[in-house]
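Let's take a look at the aromatic side chains in this one and see who sits with whom. The sequence and model come first, then the ring pairs.

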Amino acid sequence: RLADLLWGDSDSEHSRNSLRQTLSVLRRDLSRSKVDLIHSRRELIGLGPDAVRVDVEEFEAGLAARSAPDLEMALAHYTGPFLDGFYLGSDAFDDWAASERDRLLSRALESFERLARLVDEENGLALADRLLTMEPTREASYRLKMELLVACGQRDRAMRTYETCRSVLKKEFGVDASPETRMLWQSLQSADQASNLQTVNG
């Protein structure tokens with residue numbers, strides 16, 4: 001599979017020869033640096049687990065954290081899309097990388113949102129803005145920002161955030177905000193109307 005991924009434009013025999021030659025060169029160069037990195041056995045090829053750090057593994061392992069500092073530490077490993085801008089020209093590899101890119105982005109977005117609910121409102125708002133920078137069409141991030149703004153007593157900004165959400169969704173997808181987002185907006189409107197009525201009656 002590795003040979004086909006890396007030399008997909010060659011037939012099976014040539015791609016396996018290319019893989020063998022490449023592994024031989026890598027082993028020779030790494031042994032000069034006294035690095036024991038590549039392990040192979042029959043049809044299996046792997047990297048020595050003690051010889052490499054994998055940021056994706058560290059990122060995913062830390063996402064189960066319950067405290068804000070631990071979750072923040074795990075999210076520090078997510079510095080951008082997986083293998084951003086790296087394309088091999090092999091459909092199988094590029095499809096796999098694209099699916100991993102989407103999966104890891106989704107996990108990062110969900111975890112940043114969870115962190116935003118664990119920290120204070122000011123830091124939560126900064127994280128909500130970061131979420132919208134990462135994925136400007138993610139409706140859940142607009143709702144999060146609206147909720148945090150309300151918690152800070154900034155209802156006007158929360159209402160403007162709703163209008164921004166509607167505008168982005170209309171422009172990008174030709175759809176309106178979801179019922180869940182509209183319900184949040186309506187609850188803000190109702191609260192404003194009740195507040196105005198109380199002021200008049202007072």
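Searching the whole structure turns up five aromatic pairs. A pair here means Phe, Tyr or Trp rings (for Trp, the six-membered one) with centres within 6.5 Å; planes under 30 degrees apart are stacked, over 60 edge-to-face, and the rest tilted. Keep in mind that this is a predicted model, where local features need pLDDT of at least 70 and side-chain atom pairs count only at pLDDT 80 or more, while totals for chains, interfaces and linings use all residues. Residues are numbered from 1 along each chain as its sequence is written, and side-chain values use heavy atoms, with hydrogens and water left out.

Two of the pairs look like this:

| Pair | Centre distance | Plane angle | Class |
|---|---|---|---|
| Phe59 and Tyr78 | 5.6 Å | 45 degrees | tilted |
| Tyr162 and Trp185 | 4.9 Å | 10 degrees | stacked |

Phe59 and Tyr78 tie together distant parts of the chain, 19 residues apart: Phe59 is in helix H3 (residues 55-62), and Tyr78 is in the loop between helix H4 (68-75) and helix H5 (91-118). Helices here are DSSP runs of H or I, at least four residues, numbered from the N terminus. Phe59 is buried at 2% relative accessible area, and Tyr78 is buried at 9%. Buried means under 20% (1.4 Å probe, protein chains only).

Tyr162 in helix H8 (residues 155-173) and Trp185 in helix H9 (residues 179-201) also link distant parts of the chain, 23 residues apart. Tyr162 is buried, with 1% relative accessibility; Trp185, at 19%, counts as buried too.

Finally, there's a cluster: ring pairs join Phe82, Phe86, Phe93 and Trp96.

Terms used: Helices (H or I, at least four residues) and strands (E, at least two) are DSSP runs, numbered from the N terminus. Buried means under 20% relative accessible area, exposed over 50%, partly exposed in between (1.4 Å probe, protein chains only).
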